[in-house]
Amino acid sequence: MATLQSLALASPVSHSFLNQPRSLSGIPSWVAHRSANSQFNGQSLQVAQSRISPTRWNSKRCSPIVMMVKPKIQFIQGTDEQTIPDVRLTKSRDGTNGMAIFRFDQPSVFDSSSEVGDITGFYMIDEEGVLQSVDVNAKFVNGKPAGIEAKYIMRTPREWDRFMRFMERYSNENGLQFIKK
């Protein structure tokens, strides 16, 4: 029987519910109980073995689901930026840190910011997650918004590699090219 030790539950659950095995249409029953040896103030969870033999499992049905996310940039969470930026990269001589500067001319966020809300940061989103920065500056010409400059700083080689994976996906999706100067 598989046991998950010290699984902290988000909300308190009554003891009468926790001690009763449950089964819903073929799903194995489970019992959660207190663990005296736990460092957490939560509940332990025990999962009963499945009644389905391993030879009957359909490998296609049990394979992990991979969700692909189109790489995108946002200034307001939930609102994708449609303007493609000019991106400049700098890296230290020893390769331990670097900076990316994104320049957007007439970004679409200015069109929708009055309807959606204020710019809250700079978010680069892809299938691995979100890279974010709060170093965002707007450029105004004659009192009207003309552009945005956002900086993303990478302090470790690991952050640099993660950023480059995002940029590769983003550039492939939007037709950007890398030009070394």
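This section describes a four-stranded sheet, the helix packed on it and the nonpolar core, as seen in a predicted model.

The sheet is open, and its four strands follow the order β5-β4-β8-β9 with antiparallel pairing. Strands β5 (79–80) and β9 (129–133) each have a single partner and stand at the edges, so one side of each is left without a neighbour in the sheet. Helix α3 (residues 157–174) packs on this sheet and touches β4 (72–76), β8 and β9. The direction of α3 makes about 75° with that of β8.

Within the sheet, β8 (residues 122–126) is joined to β9 by five bridges in the antiparallel sense, and I125 has V130 of β9 as its bridge partner. The antiparallel pairing of β4 with β8 extends over three bridges, whereas two bridges join β4 to β5. Residue Q74 stands opposite Y123 in β8 and also opposite D80 in β5. Two residues lie between the strands in the hairpin of β4 and β5, where G78 takes a positive phi near 95°. Strand β4 is mostly covered, with four of its five residues buried.

The largest nonpolar core comprises 20 residues, and those with the most contacts inside it are I73, F102, F122, M124 and F163. Two or more residues of this core come from each of β4, β7 (98–105), α2 (109–116), β8, β11 (144–154) and α3. Helix α3 gives the most, with five residues. Leaving aside residues up to four places away in sequence, F163 touches L89, A100, F102, M124, L131, Y152 and M154.

Notes:
Residues numbered from 1 in each chain as written. Predicted model: local features only at pLDDT ≥ 70, side-chain atom pairs only at ≥ 80, totals over all residues. Heavy atoms only, no water. Pairing = 2+ DSSP bridges. Contact = heavy atoms within 4.5 Å. Axes fitted to C-alpha atoms, helices over the stretch in contact; angles between N-to-C directions. Core = buried A, V, L, I, M, F, W, Y, C linked by side-chain atoms within 4.5 Å. Buried < 20%, exposed > 50% of the residue type's maximum accessible area, 1.4 Å probe, protein only.
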